[in-house]
Amino acid sequence: MIYRETGVFKTSYAQDQAILRVPLDQYGLIFWIVLAFVIIPMTASDYALSDLATPFLIMSLAALGLNVLTGYCGQMSLGTGAFMATGGFMTYKLITAFPPPAFLTQFSILGFAPLDIHFPVMLVLAGLITAATGLLFGLPSLKIKGLYLAITTLAAQFFLIWLFIKVPWFTNYSPAGIAPAPPQTIFGIEVTGAASPVINRYLFVLTITVLAALMVKNVTRCRHGRSWMAIRDMDIAAEIIGISPTFAKLSAFAFSSFLIGVAGALWAFVKINSVQTDAYTILVSFQVLFMVIIGGLGTVLGSFLGAAFVITVPILLNIGLTALNPGLQALGFGGFEVAMIKHIEFMIFGALIIYFLIVEPHGFARLWQIAKQKMRTWPFPY
């Protein structure tokens, strides 16, 4: 019995309500925090931090937002890319329209600017604007659900992207429709921009993602989160016991859109250093939806596992197929061309998604639950 819950006694309400009540879970969390904040920044290369770890964290944040709506509240959405675009464009407009006051960056102590919190404030404001947008497009959920609601959110995807393309005000009248994201600092430390150190960008995104995961975990344990799950399981029964479907559905849309908007802003300012609609196409919406489904609906852990699968598997497939080229060329087969590698990558990736959905339709998070159940009874089979 490796994973033991028996013998762990709670002597206070705080201990009973803790997120991690088993010591082994607490040790595991400490391990992951040390790994993410200390070991990975010290050992990983710039490529791993910028092209693997940072996109993984940003997409995990977007998957967390969609998981709140789809996994916890049971409302389907195909407009994730549009809400990410809203967060990115609104952060750009807020930052360019309201530049940081001089005292935020000029006042410094030992080289740090303790008042320089302009960028996080703009992120929160852009997230709130995205939440209001999500609230607006969530209104049809009060009358329709399922496939019809998915089509409605798909309309949000097309409308918002069209709006950002057709209205040049969102890019400060840039002729190409692409606006470079101005570099940002926090406490005098550069956290965005091509010139900022990769480790700064990684730690900044990691901190926001960890805080968001902690917030989602706590919200889903409180009254609002339980009302979302009641609506998801049976909305009529939830309304009979006193839960307001209107408030539950709209609050889920708003909270979900807030997280997705922050993820979109991070994608623009940290990952691609520009604001452009091409970065938030409908493929992004489907990609985030795949992350939630593969990782596990209604779990925080599933958002991270799904994002890790969707981000890393295509890269590993590309590396593996490219590595086969010398051997195939030596045998006279010519090897894989770049276009063919991309097509094979799509086919294998799609086949893996179908395979995992058939083998474990509840996602990777369910595999972790099964593993913990095995550790509870080990070495006994039952």
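A pocket here is an open set of grid points with protein on both sides within 12 Å along at least five of seven lines. Keep that in mind. This is a predicted model, and I'll start with one of its pockets.

The second largest pocket has a volume of about 750 Å³. What sits closest to its centre? Of the 24 lining residues, the closest are Gln-287, Val-310, Ile-311, Pro-314 and Lys-342. Now the elements around it. Those that give two or more residues to the lining are helix 3, helix 11, helix 12, helix 13 and helix 14. On your display, helix 12 covers 282–295, helix 13 covers 300–330 and helix 14 covers 338–359. Which helix gives the largest share of the lining? Helix 12 does, with six residues. By class, the lining of this pocket has 17 nonpolar residues, three polar and four charged.

Two of those pocket helices deserve a closer look. Take helix 3, residues 46–72. Helix 3 has a kink of about 35°, centred on Leu-66. Helix 3 is also mostly covered, with 21 of its 27 residues buried. Just past its end comes Gly-74, with a positive phi of about 75°.

Next, helix 11, residues 245–271. How far apart are its end C-alpha atoms? They are 37 Å apart. At 1.5 Å a residue, its 27 residues should span 39 Å, so the two values agree. Helix 11 is mostly covered as well: 24 of its 27 residues are buried. Just after helix 11, Asn-273 takes a positive phi of about 55°.

Stay in helix 11 for one residue, Ala-268. Is Ala-268 buried or exposed? Its relative accessible area is 0%, so Ala-268 is buried. What does Ala-268 touch, beyond residues up to four places away in sequence? The list is Gly-88, Ala-181, Asn-273, Ser-274, Val-275 and Tyr-280. Asn-273 is on that list, and that is the residue with positive phi just after the helix. Ala-279 is also worth finding. Ala-268 and Ala-279 are 11 residues apart in sequence, and their C-alpha atoms are 8.2 Å apart in space.

Now move to Thr-80. Thr-80 is in helix 4, residues 80–97. Thr-80 counts as buried because its relative accessibility is 0%, and buried means under 20%. Leaving out neighbours within four places in sequence, Thr-80 contacts Leu-66, Gln-157, Ile-260, Ser-285 and Val-288. Leu-66 should sound familiar: the kink in helix 3 is centred there.

Last topic: backbone angles in two loops. Most residues other than glycine have a negative phi. Here are two with a positive one.

First up is Tyr-173. Tyr-173 is not a glycine, yet its phi is positive, about 60°. Where does Tyr-173 lie? Look in the loop between helix 7, residues 147–166, and strand 1, residues 179–180. Tyr-173 is exposed, because its relative accessible area is 57% and exposed means over 50%.

Then Phe-187. Phe-187 is not a glycine either, and has a positive phi of about 55°. Phe-187 lies in the loop between strand 2, residues 185–186, and strand 3, residues 189–190. How does Phe-187 count for exposure? At 38% relative accessibility, Phe-187 counts as partly exposed.

To recap. The pocket of about 750 Å³ draws the largest share of its lining from helix 12. Helix 3 is kinked at Leu-66, and Thr-80 is in contact with Leu-66.

How values were computed: Residues are numbered from 1 along each chain as its sequence is written. This is a predicted model: local features need pLDDT of at least 70, side-chain atom pairs count only at pLDDT 80 or more; totals for chains, interfaces and linings use all residues. Side-chain values use heavy atoms; hydrogens and water are left out. Helices (H or I, at least four residues) and strands (E, at least two) are DSSP runs, numbered from the N terminus. The expected span of a helix is 1.5 Å times one less than its number of residues. Buried means under 20% relative accessible area, exposed over 50%, partly exposed in between (1.4 Å probe, protein chains only). Contact means heavy atoms within 4.5 Å. On a 1 Å grid over the protein atoms alone, a cavity is a set of points where a 1.4 Å probe fits but cannot get out, and a pocket is an open set with protein on both sides within 12 Å along at least five of seven lines; lining residues have an atom within 4 Å of a point. Grid points are joined across faces, edges and corners, and a volume is the space filled by probe spheres set on the points. Ala, Val, Leu, Ile, Met, Phe, Trp, Tyr, Cys and Pro count as nonpolar, Asp, Glu, Lys and Arg as charged, and the others, Gly among them, as polar. The bend at a residue is the angle between axes fitted to the seven residues ending there and the seven starting there.
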